[in-house]
Amino acid sequence: MRVLLIGANGYIGRFVADRLLADPAVQLTALGRGDDADVRFDLAAGSPGALTRFLDAVHPGVVINCAGAIRGGARELTRHNTVAVATVCEALRRSGCGARLVQIGCSAEYGPSQPGSSTAEDAVPRPGGPYGVSKLAATELVLGSGLDAVVLRVFSPAGPGTPAGSPLGRLAEALRRAMQSGDGELKLGGLGVQRDFVDVRDVARAVHAASLSAAQGVINIGSGRAVRLRDAAAVLARVAGYGGALHELDGPTSPVRPVLGHHRGDPEHAVPVAYPYPDGCGSWQQADVRTARDRLGWRPRINLEESLADIWMEAACRI
């Protein structure tokens, strides 16, 4: 099976590439903006015609799109998350390869959920910020393209390679600084939210399964269990061997910058912000993952403690 992987150097894309390379039946070609891609191509700037010519030459059976941006202004997010996907869809429609498209979506497309609820694929999306809007627009383009396509709505990925700017990455960095300085007290903010964390290696397994399946439409990829960020912080402290005290800065009327660590010598107060978690999804998200089980034969295998241990191992290397 010939697979074209777009965004192989990204957080999720790296693990998808590893998973596919381990399958002897897969012939993998990586397309991206970096020098180490098999083919250099910028989806946000390149034309559908140029991509069509490449598709006709390689003739993949599956195209997996892991590319995109998670930070930036509305214009940049739209260019990398929506315009880029429009280019992929148009190129596939023009091409004679007839490839199946596996698009990586995200839970930010849903927006805030009712606490205690599990979000299924038929929920009405109400994204709470430009990132979620740009990804939802991409999903709608894929679903309306007429292609053989599936969108995997990934909830909160965790595990090795977690970006340092993410909430879990910031937690690990705050712990690293506290341990490096010998500080016995760590103050943290933004820990009240609850998110559905799923290991990035399990996400890669889901992408692999989706590329081999005939499933179409939207499929949630998550653990099916919401975890409070303060509980994740406690587990991370335990696996790190941090014996100090964790103190929350949050108050019910004074939200703070997400996962901002303060030592005793730092400023007394965190900087107030409008949202305690940067995805625009409010205080709660939990996936209903029955569709993934029924249509992909997929279940998460790696628990959160293992994911957090791997996050800490990478952070510890910087001590």
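This report describes the sheets, selected helices and one loop residue of a predicted model.

## The seven-stranded sheet

Seven strands make up an open sheet, and their order is β3-β2-β1-β4-β5-β6-β10. The pairing in this sheet is parallel. Its edge strands are β3 (39–40) and β10, each of which pairs on one side only.

Several of the strand contacts can be followed residue by residue. β4 and β5 run parallel and are joined by 4 bridges, with I64 standing opposite V102 in β5. From β5 (residues 100–106), 6 bridges lead on to β6, again in the parallel sense. Here V102 stands opposite V150 in β6. Between these two strands the chain passes through helix α4 (residues 130–143), and the resulting β-α-β crossover is right-handed.

## Strands β6 and β10

Strand β6 (residues 149–154) is joined to β10 by 5 bridges, and the two strands run parallel. V151 stands opposite V218 in β10.

All of β6 is covered: 6 of its 6 residues are buried, so the strand is largely enclosed by the rest of the structure. In a regular strand, side chains alternate between the two faces of the sheet. In β6 both faces are covered, with A149, V151 and R153 buried on one side and V150, L152 and V154 buried on the other. The edge strand β10 (residues 217–221) is mostly covered, with 4 of its 5 residues buried.

## The three-stranded sheet

A further open sheet has 3 strands in the order β7-β9-β11, and its pairing is mixed. The edge strands are β7 (156–158) and β11 (226–228), each pairing on one side only. From one strand to the next, the twist averages 55 degrees.

β7 pairs with β9 (residues 194–199) in the parallel sense, over 3 bridges. Within this pairing, P157 has V198 in β9 as its bridge partner.

## Helix α6

Helix α6 covers residues 200–212. At 1.5 Å a residue, its 13 residues should span 18 Å; the end C-alpha atoms are 19 Å apart, which agrees with that expectation.

α6 is mostly covered, as 10 of its 13 residues are buried. The buried residues are V200, D202, V203, A204, R205, A206, V207, H208, A210 and S211. Asp, Arg and His side chains are thus represented in this set by D202, R205 and H208.

## Packing of α2 and α3

Two packed helices are described by the angle between their axes and the distance between the axes. For α2 and α3 (residues 74–94), the angle is about 50 degrees and the axes are 8 Å apart. Angles under 35 degrees would count as roughly parallel and those from 65 to 115 as roughly perpendicular; α2 and α3 are therefore oblique to each other. The crossing in which α2 passes α3 is right-handed.

## Residue H59

H59 lies in the loop between α2 (48–58) and β4 (62–65). Most residues other than glycine have a negative phi. H59 is not a glycine, yet its phi is positive, at about 55 degrees.

H59 has a relative accessible area of 40%. Buried residues fall under 20% and exposed ones over 50%, so H59 counts as partly exposed.

Notes:
Residues numbered from 1 in each chain as written. Predicted model: local features only at pLDDT ≥ 70, side-chain atom pairs only at ≥ 80, totals over all residues. Heavy atoms only, no water. Buried < 20%, exposed > 50% of the residue type's maximum accessible area, 1.4 Å probe, protein only. Expected span 1.5 Å × (residues − 1). Pairing = 2+ DSSP bridges. Right-handed = clockwise from strand over helix to strand, strands pointing away. Axes fitted to C-alpha atoms, helices over the stretch in contact; angles between N-to-C directions. Parallel < 35°, antiparallel > 145°, perpendicular 65-115°, else oblique. Left-handed = near helix turned anticlockwise from the far one by under 90°.
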